[in-house]
Amino acid sequence: MKKMTLMQHFSEMRRRILWVALIFAISFVCGWYVAPMMQKFLTAPLLSVWGDGALIYTGLTDGLMIQFSLATMFALIVVGPAVLWHVWAFVAPGLRQNERNVIFPMLIMSPVLFLLGVAFAFYFLFPIVFKFFVELNQTAPVPAVLLPAARGYLTFAIGLLKVFGVAFQLPLVLVLLNRVGVLERGRVIKMRRYAIVFIVIGAAVLTPPDVVSQVLLALPMWALFEISILFMRCD
């Protein structure tokens, strides 16, 4: 393979950054038109357990800001795989074959695990958590009307989706540290009890202050921790 000069490397990096920026811009424009459908989709888990419920807009700019935020999120979702591909295409020529065999599958699995975490939160966690919150507010000891703000709800829901998407990256981190020789499989097994404690603490910190969501994050993270051990190399 022909070696590239430093200026050629910078030129290739610039070209790839421009491609990513172009994909982001096009995706943002598309996301602007997709945003209303995204808002309806993200609100569905709440309304499914709260049939007569309604969200409110508390300011004149709420609609615009929600549209902008969802369009940006759509663009980031679309551009994410493109970024991973361009990063891989840029660094792969300089890697050894054994390094490629480790990194490439992880680049493939990272978005897959992120989507699995998002799907788990959306389809399994949201109905349980939202039903808990709605029933808790409806049984308040004082007269109360539940009218959550649309922006507040979307911020809360998207934040939870991000937390679960990132949390599901745990196996990749552990396996990568194992493959580069930083983390031994036997040591991980011996430290299992402490890892479980850290998982529980992490779930309590990252999720809302209710036991249901904390348990529903801690359990899959524990399962992913155990699965990651299976893919680690023996000492």
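These are legends for a set of close-up views of one predicted model.

**View 1. The whole chain is an all-helix affair, with eight helices and zero strands.** Reading along the sequence, you get α-α-α-α-α-α-α-α. The C-alpha atoms take up a box of roughly 75 × 50 × 20 Å along the principal axes. Of the 235 residues in the chain, 32% are buried. Look at contacts between residues at least 6 apart in sequence, and 83% of them turn out to join residues at least 24 apart.

**View 2. Here is the largest nonpolar core, a set of 45 residues.** Leu42, Leu70, Phe126 and Phe164 are the ones touching the most other members. Helices H1 (6–48), H2 (62–91), H3 (97–138), H4 (150–167), H5 (170–179), H7 (192–206) and H8 (211–230) each chip in with at least two residues. H3 gives the most, with 11 residues.

**View 3. Zoom in on Leu70, one of the core residues that touch the most other members.** Setting aside neighbours within four places in sequence, Leu70 is in contact with Ala35, Met38, Gln39, Leu42 and Ile158. One of these partners, Leu42, is itself among the core residues with the most contacts to other members.

**View 4. H3 meets H4 here, with the two axes coming within 8 Å.** The axes cross at roughly 135°, which makes H3 oblique to H4. The crossing is right-handed. On the H3 side, the residues are Leu113, Phe114, Gly117, Val118, Phe120, Ala121, Phe122, Leu125, Phe126, Phe130 and Phe133. H4 answers with Tyr153, Phe156, Ala157, Leu160, Leu161, Lys162, Phe164, Gly165 and Val166. By class, the contact of H3 with H4 splits into 17 nonpolar, two polar and one charged. Two familiar faces from the core turn up in this contact, Phe126 from H3 and Phe164 from H4.

**View 5. H4 also packs against H8, with their axes 10 Å apart.** The angle between H4 and H8 is about 20°, so H4 counts as roughly parallel to H8. H4 passes H8 in a right-handed crossing. Val163, Phe164 and Ala167 from H4 meet Ser213, Leu216, Leu217, Met221 and Leu224 from H8. Sorted by class, the contact of H4 with H8 has seven nonpolar residues, one polar and no charged ones. Phe164 is worth picking out here: this H4 residue meets H8, and it appears in the contact with H3 as well.

**View 6. Leu55 sits in the loop between H1 and H2.** With 23% relative accessibility, Leu55 counts as partly exposed, because the cut-off for buried is under 20%. Beyond residues up to four places away in sequence, Leu55 touches Thr43, Leu46, Pro148, Ala150 and Tyr153. Leu55 and Arg151 are 96 residues apart in sequence, yet their C-alpha atoms are 9.0 Å apart in space.

**View 7. Swing over to Thr43, a contact partner of Leu55 that belongs to helix H1.** Thr43 has 7% relative accessibility and so counts as buried. Not counting residues up to four places away in sequence, Thr43 touches Leu55, Tyr153 and Leu154. Tyr153 is thus a contact for Thr43 and for Leu55 too, and Tyr153 also shows up on the H4 side of the contact with H3.

**View 8. H5 gets its own close-up, with Pro171, Leu172, Leu174, Val175 and Asn178 as its buried residues.** What covers these buried residues includes H3, helix H6 (185–190) and H8. H5 is followed by Gly181, which has a positive phi, near 90°.

**View 9. Last stop is Thr207, in the loop between H7 and H8.** Thr207 is another threonine that counts as buried, at 7% relative accessibility. Leaving out residues up to four places away in sequence, Thr207 touches Ser213, Gln214 and Leu217. Two of these, Ser213 and Leu217, are also among the H8 residues that meet H4. Thr207 and Gly159 are 48 residues apart in sequence and 9.1 Å apart in space, C-alpha to C-alpha.

Terms used
Residues are numbered from 1 along each chain as its sequence is written. This is a predicted model: local features need pLDDT of at least 70, side-chain atom pairs count only at pLDDT 80 or more; totals for chains, interfaces and linings use all residues. Side-chain values use heavy atoms; hydrogens and water are left out. A nonpolar core is a set of buried Ala, Val, Leu, Ile, Met, Phe, Trp, Tyr and Cys residues joined through side-chain atoms within 4.5 Å. Buried means under 20% relative accessible area, exposed over 50%, partly exposed in between (1.4 Å probe, protein chains only). Helices (H or I, at least four residues) and strands (E, at least two) are DSSP runs, numbered from the N terminus. Contact means heavy atoms within 4.5 Å. Axes are lines fitted to C-alpha atoms, for helices over the stretch in contact, and angles run from 0 to 180 degrees between N-to-C directions. Angles under 35 degrees count as roughly parallel, over 145 as roughly antiparallel, 65 to 115 as roughly perpendicular and the rest as oblique. A crossing is left-handed if the near helix is turned anticlockwise from the far one by less than a right angle, and right-handed if clockwise. Ala, Val, Leu, Ile, Met, Phe, Trp, Tyr, Cys and Pro count as nonpolar, Asp, Glu, Lys and Arg as charged, and the others, Gly among them, as polar.
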